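Q: Please take a close look at one part of this model and the residues around it. I would like a connected account of what is buried there and what is not.
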Amino acid sequence: MLGVTVYTLDRIVAEGGLPMYKIRGSCRYYEHEVEAYIAAQRTVRRAPQARPASRQRRSKPGAPTCGYYPGMKVV
């Protein structure tokens, strides 16, 4: 029902998210508790927010624009 690995299920149980019942060495879960866990994990997707317009980069006065940096040897 959950579609997760055994290790993930062990982690969910250890964190207290889902109760487990051990009967004769077998791990058991009530179906209504699994359904309640799934319902509790459900989230509502919000509409994407509009991104602000990106600003154009302005070069600083005196900043190199051709890949030259101070101290570079020109051959």
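A: Helices are taken as DSSP runs of H or I of at least four residues and strands as runs of E of at least two, each numbered from the N terminus. With that in mind, and remembering that this is a predicted model, the part to follow is α2 (31-41), which is separated from β2 (26-28) by a loop that contains Tyr30.

Within α2, the buried residues are Glu33, Val34 and Tyr37. Viewed down the axis of the helix, these buried residues fall within an arc of 100°, so they line one face of α2. On the other side of α2, Glu31 and His32 are exposed. The buried residues of the helix pack against α1 and β1 (21-23).

Two of these residues, Val34 and Tyr37, also belong to the largest nonpolar core, whose five residues include Leu9, Ile12 and Leu18 as well. To this core α1 (6-14) and α2 each supply at least two residues. In soluble globular proteins, nonpolar side chains tend to be buried together. Leu9, a member of the core, is in contact with Leu2, Val4, Leu18 and Tyr29, if its neighbours within four places in sequence are left aside.

Returning to the loop before the helix, Tyr30 is partly exposed, because its relative accessible area is 46%. Patch residues must have over 30% relative accessible area, and Tyr30 joins Tyr21 and Ile23 in a nonpolar patch on the surface, with about 300 Å² of accessible area together.

Key:
Residues numbered from 1 in each chain as written. Predicted model: local features only at pLDDT ≥ 70, side-chain atom pairs only at ≥ 80, totals over all residues. Heavy atoms only, no water. Patch = residues over 30% accessible without salt bridge, like charges linked within 9 Å, V, L, I, M, F, W, Y side chains within 5 Å. Areas by Shrake-Rupley, 256 points an atom, 1.4 Å probe, with all protein chains shown as cover. Salt bridge = Lys/Arg side-chain N within 4 Å of Asp/Glu carboxyl O. Buried < 20%, exposed > 50% of the residue type's maximum accessible area, 1.4 Å probe, protein only. Core = buried A, V, L, I, M, F, W, Y, C linked by side-chain atoms within 4.5 Å. Contact = heavy atoms within 4.5 Å. Arc of directions from axis to C-beta.
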